[in-house]
Amino acid sequence: MTNNMNPSLGNIAMAHLTPEVIQTKFGDINGDGILETVLLIGTKTPDSPLWKNLTLGIFYGQTQKFEKVILKQNIGYNPTIFLGDFTGNHQDDILAISDTGGSGGIINGEIFASINGQVRSIFDTESFTNKYTVNYQDQYKVAVRSANPKKQYIIDLQYKGPEYLAEIYNQDGTLKQPIEGWVDPISGLYPVDYERDGIYEILAYQAIAGRYHADGLGYVENILKWDGNKFIVDRQTVSIYGEDLK
């Protein structure tokens, strides 16, 4: 059977499937005092900014061994890695982030740490499942309630303007009908050393939506901190959009 495929076209196709080094960082992953080389590796989708098969490659400085760790969420756009101490053991952990490309700006995020000589995942955005309720109330208010920690935040909607309010409220400020919004999964994950002690906390952003996705009401901001076993919500706030002043 004759293969009529053009060899040059075949080489081009294979080139697109070849894993590439997207980013390189250096840090002491295992605490031996010698820097490791950490690579973010992936396969670029032809004619697209999408990356697949996202993998960490770790070259150990002391042993000269090479290890690969596949990301749990291994498909995304604009993938990056950050090295820093999130667990307080004076070793560099690895934060990998990529964009999902969805309309809500949702991201993939995962943190890896070397524990007892083995690199393993200690956090990922897919498993972060804090529960919220978003309910419109009379008199131009929205109540956002969080299950962890148990808190309520009241958002004043009057900055939205009379046209927006008239669609939802009667003239006396009562709701025309019950309305529920929601809180998106994590759309931003940022390492911040709040205490300036060399140990990073994580600032996680989740968008609050009203009647529909583009009807943004603000963000839930969770500061996540390592408690020796897992990341917990250390502090939580809600940020809102400001009203334009003339």
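**Exercise 1.** In which loop, between which strands, is the place of Asp215? Establish also whether Asp215 is buried or exposed, and describe the surroundings of its side chain.

*Solution.* The model is a predicted one, and the steps below should be read with that in mind.

Step 1: Asp215 is found in the loop that lies between strand E13 (201-209) and strand E14.

Step 2: the relative accessible area of Asp215 is 3%, and because the cut-off for a buried residue is under 20%, Asp215 counts as buried.

Step 3: the side chain of Asp215 makes a polar contact of 2.7 Å with the side chain of Tyr164, and the side chain of Asp215 also reaches the backbone nitrogen of Arg211, at 3.1 Å.

Step 4: once neighbours within four places in sequence are left aside, the residues in contact with Asp215 are Tyr136, Lys160, Tyr164, Ile208, Ala209 and Gly210; of these, Tyr164 is the partner in the 2.7 Å side-chain contact.

**Exercise 2.** Place Trp226 in its element, and determine which residues Trp226 touches beyond those up to four places away in sequence.

*Solution.* Step 1: Trp226 belongs to strand E14, which spans residues 216-226.

Step 2: the relative accessibility of Trp226 is 16%, and since buried means under 20%, Trp226 is assigned to the buried class.

Step 3: not counting residues up to four places away in sequence, Trp226 touches Phe86, Thr87, Ile122 and Phe231.

Step 4: Gly88 and Trp226 are separated by 138 residues in sequence, yet their C-alpha atoms are 8.1 Å apart in space.

**Exercise 3.** Describe the nonpolar cores, naming the residues with the most contacts inside the largest one.

*Solution.* Step 1: the largest nonpolar core comprises 36 residues, and those with the most contacts inside it are Tyr136, Leu189, Leu217 and Phe231.

Step 2: strand E14 gives the most to this core, with four residues.

Step 3: there is a second, separate core of 16 residues, with Leu54, Leu56, Phe112 and Val119 among them.

Step 4: as general background, nonpolar side chains in soluble globular proteins tend to be buried together.

**Exercise 4.** Characterise the largest pocket by its volume and by the residues of its lining.

*Solution.* Step 1: the volume of the largest pocket is about 280 Å³.

Step 2: its lining consists of 14 residues, of which Phe123, Ser127, Phe128, Thr129 and Phe231 are the closest to the centre.

Step 3: the elements that give two or more residues to this lining are strand E8 (118-124) and strand E15 (231-239), and E8 gives the most, with four residues.

Step 4: the lining divides into seven nonpolar, five polar and two charged residues.

Notes. Residues are numbered from 1 along each chain as its sequence is written. This is a predicted model: local features need pLDDT of at least 70, side-chain atom pairs count only at pLDDT 80 or more; totals for chains, interfaces and linings use all residues. Side-chain values use heavy atoms; hydrogens and water are left out. On a 1 Å grid over the protein atoms alone, a cavity is a set of points where a 1.4 Å probe fits but cannot get out, and a pocket is an open set with protein on both sides within 12 Å along at least five of seven lines; lining residues have an atom within 4 Å of a point. Grid points are joined across faces, edges and corners, and a volume is the space filled by probe spheres set on the points. Ala, Val, Leu, Ile, Met, Phe, Trp, Tyr, Cys and Pro count as nonpolar, Asp, Glu, Lys and Arg as charged, and the others, Gly among them, as polar. A nonpolar core is a set of buried Ala, Val, Leu, Ile, Met, Phe, Trp, Tyr and Cys residues joined through side-chain atoms within 4.5 Å. Buried means under 20% relative accessible area, exposed over 50%, partly exposed in between (1.4 Å probe, protein chains only). A polar contact is a pair of N or O atoms within 3.5 Å; within protein, one must be able to donate a hydrogen and the other to accept it, and residues adjacent in sequence count only if both atoms are side-chain atoms. Contact means heavy atoms within 4.5 Å.
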